[in-house]
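The following paragraphs lead through one structure, beginning with charged side chains and proceeding to the ligand, the strands and the backbone. The reader is invited to follow each step in the display.

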Amino acid sequence: MAQVKLEHVGKIYPGNVRAVKDFNLTIEDGEFMVMVGPSGCGKSTTLRMVAGLEEISEGTITIGDRVVNNVLPKDRDIAMVFQNYALYPDKTVYENMAFCLKMRKFQDPNAAPGSNGLFSWWKLRKMKKAEINRRVMEAAEILGIEELLERRPKALSGGQRQRVAVGRCIVRNPKVFLFDEPLSNLDAKMRVQMRTEISRLHNRLQTTMIYVTHDQTEAMTMGDRIVVMKDGLIQQVATPANLYDYPDNIFVAGFIGTPPMNFFDAIVESKDGQLFITEDSFSLVTPPEWKPKIERYIGKKVVFGVRPEHIGSPTAEAVDNAPKITATVEVIEPMGSETYLYMKAGANGFIARVDPHRTCNVGDSIDLAVMMRGAHLFDVDTTERIT
Ligand code: ADP
């Protein structure tokens, strides 16, 4: 187990491609940290720098007490699970898991003192067969793959192969696990199952884990904390709940959550001592506590962001005197436990998550309550959250 610290880390690829810029993050001992962001934002590069598979152009990476900038990958005490599991096709599951232990040599503090040099008693030895067996069987038990040990990879499903790939890491008992989009080759159902398995594995082992994905649902369901990246830069580091409820900027607000947050170009208006968020097709009174933060935006453009569950949902409708948006129903999407309405208000399209028993038809013009306390205002220029 170890803390992983990245300080002012940057990566410049040949051709002056700045893939990662001034990356600062401490991953606590035993923490499950997820890095998420769109393709090309620098997640894999960051993970590969921690693994030592990519040279660090700037900054310092520390694992435990040791700066690892110049330490070889095999000496970093980390284990990495890749998207393509890279199992040996001719070896059985057992041999796949045992192989790296057979090949490695370990420091043996119990070796007898020798005559050639001060530290000669600190001999390198191969791991004993019984110890290898113990570790493989323990990993197989943790992952529930005891029955598969004699099979070869081609006789396994995608999910089973992924378990073997994870098992190969577990046997090494590393200080840090690194996962690079490990579930992206699996079908949707298996992805959901493996997601819970990896979370369970983390709960059991309590080892530091860094997990890269482009899938925000995966990030939200697995991470103790999440790092959201864009264009090589950290946008926000927070717990899933804080990221969802208090996104720092428009990018994070739009990236986290499905269906995504609705955004409207609006202005702040002052009428009769109250402040309103006004747009062509609606004018919504703001909660009094917003006043100190939004006063300086009176008469100015802002971006108004509101999640689907804060428009027309039972909780939004239950708020006394909630302001309303009048809009036309374009598409009705019943999901069973809730219904999504794709709405049009003036030139704006937006999504509302309403009670599944609410009756309406395509083409109807309906009023939807807006729960302003769940909504946000963003600065047009900086894109940062104001409220
Ligand atoms: P992500 O994992 O978020 O999809 P990557 O870390 O793979 O992103 O890539 C970040 C950026 O670095 C991208 O613009 C990508 O094209 C570039 N990049 C990645 N690997 C190399 C490389 N070996 N040489 C040059 N550019 C690279």
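A network of salt bridges links E131, R134, R135 and E138 in this predicted model. Within that network, E131 pairs with R135, and the closest N and O atoms of the two are 3.0 Å apart. Both residues belong to helix α3, which spans residues 129–143; because E131 and R135 are 4 residues apart in this helix, about one helical turn separates them. The surroundings of the two partners can be described by their accessibility. E131 is partly exposed, its relative accessible area being 25%. R135, by contrast, is buried, with a value of 18%; the cut-off for that class is under 20% relative accessible area.

The network belongs to a wider set, for the structure holds 16 salt bridges. The general principle is that side chains of opposite charge can pair when their charged atoms come close. Another of these pairs is formed by E54 and R48, whose closest N and O atoms are 3.4 Å apart. Here the acidic partner is the covered one: E54 is buried, with a relative accessible area of 19%. R48 is partly exposed, with a relative accessible area of 27%.

A further pair consists of E289 and R373, whose side chains meet in a salt bridge with an N to O distance of 2.7 Å. This pair links distant parts of the chain, the two residues being 84 residues apart. E289 is located in the loop between β15 (282–285) and α9 (291–294), and R373 in the loop between β20 (365–369) and β21 (376–379). How accessible are these two partners? With a relative accessibility of 44%, E289 counts as partly exposed. R373 reaches 60% and therefore counts as exposed, since that class begins over 50%.

Attention now turns to the ligand. Which residues surround it? They are Y13, A19, P38, S39, G40, C41, G42, K43, S44 and T45. Sorted by class, this shell comprises 4 nonpolar, 5 polar and 1 charged residues. Helix α1, residues 43–51, supplies the largest share of the shell, namely 3 residues.

Several polar contacts can be traced between the protein and the ligand. From the backbone, an N or O atom of G40 lies 2.7 Å from an oxygen atom of the ligand. From the side chains, K43 places an N or O atom 2.9 Å from a ligand oxygen atom, while a polar side-chain atom of Y13 lies 3.4 Å from a nitrogen atom of the ligand. Taken alone, the ligand exposes 560 Å², of which the protein buries 59%.

The strands offer another view of the fold. Strand β1 (residues 4–13) and strand β4 (residues 58–63) run antiparallel and are joined by 5 bridges. In this pairing, G10 stands opposite E58 in β4. Strand β4 is also joined to strand β5 (residues 66–67), again in an antiparallel arrangement, by 2 bridges. T62 stands opposite V67 in β5. Together, β4 and β5 form a hairpin with 2 residues between them. G64, in the turn of this hairpin, has a positive phi of about 65°.

Positive phi values also occur in residues other than glycine. H8, which is not a glycine, has a positive phi of about 50°. This residue lies in strand β1, the strand that is bridged to β4. H8 has a relative accessibility of 49% and so counts as partly exposed. Q206 is another such residue, with a positive phi near 55°. Where does Q206 lie along the chain? Q206 is found in the loop between α5 (188–205) and β10 (208–213). At 37% relative accessibility, Q206 likewise counts as partly exposed.

One peptide bond also deserves inspection. The bond joining T258 and P259 is cis, with omega at about -15°. P259 is situated in the loop between α8 (250–255) and β13 (262–271).

Technical notes. Residues numbered from 1 in each chain as written. Predicted model: local features only at pLDDT ≥ 70, side-chain atom pairs only at ≥ 80, totals over all residues. Heavy atoms only, no water. Near = heavy atom within 4 Å. Polar contact = N/O pair within 3.5 Å; in protein donor to acceptor, adjacent residues only side chain to side chain. Areas by Shrake-Rupley, 256 points an atom, 1.4 Å probe, with all protein chains shown as cover. Nonpolar A, V, L, I, M, F, W, Y, C, P; charged D, E, K, R; others polar. Pairing = 2+ DSSP bridges. Salt bridge = Lys/Arg side-chain N within 4 Å of Asp/Glu carboxyl O. Buried < 20%, exposed > 50% of the residue type's maximum accessible area, 1.4 Å probe, protein only.
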